[in-house]
Amino acid sequence: MKEKLHPFHVSLLVFMMQSGVIVFSLPRIIAHSMGYNGWATLILFSGIVMFNLLLIGLVYRLSNGKSIFLILEQALPKIIVFPLYAVLITVWTMIGCLSAKQYVILFQVFVFPTTHPMYIKAIVDVLAFLLIIKGIYNISKAATTFFFITIWLNLLLLFFSKTLIG
């Protein structure tokens, strides 16, 4: 019997994926790409993201909980589905590798400045491979554990508040 993911674990998994490297690099990216008033574009991009989530929820509701891959295989011929899967695998792999590389470079700059980034990237790749072969259930459990370990670090932001400093 396979265990099912609880919605709480899924929400923490999504949160941990979205608040990874981008938390460290988003302010610089926005300032570089959009200017110093780039925070206003976050409202536009947030609207686009919410619309995308609305569409995902609508498809899920209309499909009665069927997998998107089942829907694709039923709606499209196999001659189109398999190249589409190949493209998705390639794009998702590239995004994962680029995100991991960006995280490793940030981590290396702050923690291990004398270590070559490719050594750290190799360790991250091994860790990712070990998590992937265990399945999404174990990945979500690990993300939940990391969430509860790191969420308390947000309290450290209080030390940067002017009201606490005096």
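Is Ser140 buried or exposed? In this predicted model, Ser140 has a relative accessibility of 0% and therefore counts as buried, since the cut-off for that class is under 20%.

**Ser140 and helix 7**

Ser140 belongs to helix 7, which covers residues 136–150. The side chain of Ser140 reaches back to the backbone oxygen of Tyr137, at 2.8 Å, and, when residues up to four places away in sequence are left out, Ser140 touches Leu5, His9 and Leu13. Helix 7 itself is made of 15 residues, and the 21 Å from its first C-alpha to its last is close to the 21 Å expected at 1.5 Å a residue. Ser140 shares its buried state with Ala142, Ala143, Thr144 and Phe147 in helix 7, and the buried residues of this helix pack against helix 1 (7–18) and helix 6 (117–134).

**Aromatic pairs**

Counting rings whose centres lie within 6.5 Å of each other, the model holds 7 aromatic pairs. Two of these pairs are set out below, with the distance between ring centres and the angle between ring planes.

| Pair | Centre to centre | Angle between planes | Arrangement |
|---|---|---|---|
| Phe82 and Tyr85 | 6.4 Å | 75° | edge-to-face |
| Phe147 and Phe148 | 5.2 Å | 75° | edge-to-face |

Phe82 and Tyr85 both lie in helix 5 and are 3 residues apart, which is about one turn of the helix; Tyr85 is buried, because its relative accessible area is 14%, a value that falls under the 20% cut-off. For the pair Phe147 and Phe148, the planes stand at 75°, so the arrangement is edge-to-face, the class for angles over 60 degrees. Phe147 has a relative accessibility of 14% and so counts as buried, whereas Phe148, at 40%, counts as partly exposed. Phe147 and Phe148 also belong to one aromatic cluster together with Phe8 and Phe15.

**Helix 4 against helix 5**

Two packed helices are described by the angle between their axes and the distance between the axes. Helix 4 (residues 68–75) and helix 5 (residues 78–110) pack at an angle of about 150°, and their axes are 10 Å apart. On the side of helix 4, the residues in contact are Phe69, Leu72 and Glu73, and they meet Val81, Leu84, Tyr85 and Trp92 of helix 5. Sorted by class, this contact has 6 nonpolar residues, no polar residues and 1 charged residue. Tyr85 thus appears in two settings, as a partner of Phe82 in an aromatic pair and as one of the helix 5 residues that meet helix 4.

Notes: Residues numbered from 1 in each chain as written. Predicted model: local features only at pLDDT ≥ 70, side-chain atom pairs only at ≥ 80, totals over all residues. Heavy atoms only, no water. Axes fitted to C-alpha atoms, helices over the stretch in contact; angles between N-to-C directions. Helix = DSSP H or I, 4+ residues; strand = E, 2+ residues; numbered from the N terminus. Contact = heavy atoms within 4.5 Å. Nonpolar A, V, L, I, M, F, W, Y, C, P; charged D, E, K, R; others polar. Buried < 20%, exposed > 50% of the residue type's maximum accessible area, 1.4 Å probe, protein only. Polar contact = N/O pair within 3.5 Å; in protein donor to acceptor, adjacent residues only side chain to side chain. Expected span 1.5 Å × (residues − 1). Phe/Tyr/Trp six-rings, centres within 6.5 Å; stacked < 30°, edge-to-face > 60°.
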